[in-house]
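Please find below some comments on the salt bridges of this entry, set out as numbered points. They are to be read alongside the coordinates.

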Amino acid sequence: SPTCPQVVAWPNEKLKTVYQNGHDGDANFIVYRGEITKLSRECHVYGGRVVVKYGYAGRVLLGPKGYPGSFTLPVSVTAQDAYQAQLARNRGSVRVTVPGDQTVGYFSMVREISLPVRTGTRLEDYKIFVALK
């Protein structure tokens, strides 16, 4: 449907860089960098609620100190109404595997959230923020 809350990842929150201990900020010591590269959504309205099925996808790129294997990225999801009031918050994670002969691994996740809709507000003014933090 055309009216649906926005699903957003802020530029600085759709990246997560992990450094070797004691070397934060030094590009030569990056173990890996996770990034969200795609967001999608679909919505269904039932009475005073909207059910948003949202998805995010991305990748993990190995850095100079990286090695193939499995990595866990923290994911934080926050939903706000049209007045920027927080409606829901969920912390979780997504597991990513970089195969032995590769330097990149991919992930995707689909979730569903149900939000109350205030009378007189527009669904497109509601936001769902996805962050790697």
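1. The side chains of Arg122 and Glu124 form a salt bridge, with an N to O distance of 3.5 Å. It should be borne in mind that the model is predicted. Arg122 is partly exposed, at 47% relative accessibility, and Glu124 is likewise classed as partly exposed, at 25%.

2. This pair belongs to a network of salt bridges that links Arg122, Glu124 and Asp125.

3. A further salt bridge joins Asp81 to Arg118, with 3.0 Å from N to O. The two residues lie 37 residues apart and connect distant parts of the chain: Asp81 sits in the loop between β5 (69–80) and β6 (86–98), and Arg118 in the loop between β7 (104–116) and β8.

4. Are the two partners of that bridge buried or exposed? Asp81 has a relative accessible area of 3%, and because the limit for a buried residue is under 20%, Asp81 counts as buried. Arg118, by contrast, is partly exposed at 43% relative accessibility.

5. Lys133 and Glu13 also form a salt bridge, their closest N and O atoms being 3.2 Å apart. Lys133 lies in the segment after β8 (127–131), whereas Glu13 is in the loop between β1 (6–8) and β2 (15–19), so the contact ties together parts separated by 120 residues in sequence. Lys133 is partly exposed, with a relative accessibility of 40%.

6. As to the total, the model has five salt bridges. The pairs discussed above include Arg122 with Glu124, Asp81 with Arg118 and Lys133 with Glu13.

Notes
Residues are numbered from 1 along each chain as its sequence is written. This is a predicted model: local features need pLDDT of at least 70, side-chain atom pairs count only at pLDDT 80 or more; totals for chains, interfaces and linings use all residues. Side-chain values use heavy atoms; hydrogens and water are left out. A salt bridge is a side-chain nitrogen of Lys or Arg within 4 Å of a carboxyl oxygen of Asp or Glu. Helices (H or I, at least four residues) and strands (E, at least two) are DSSP runs, numbered from the N terminus. Buried means under 20% relative accessible area, exposed over 50%, partly exposed in between (1.4 Å probe, protein chains only).
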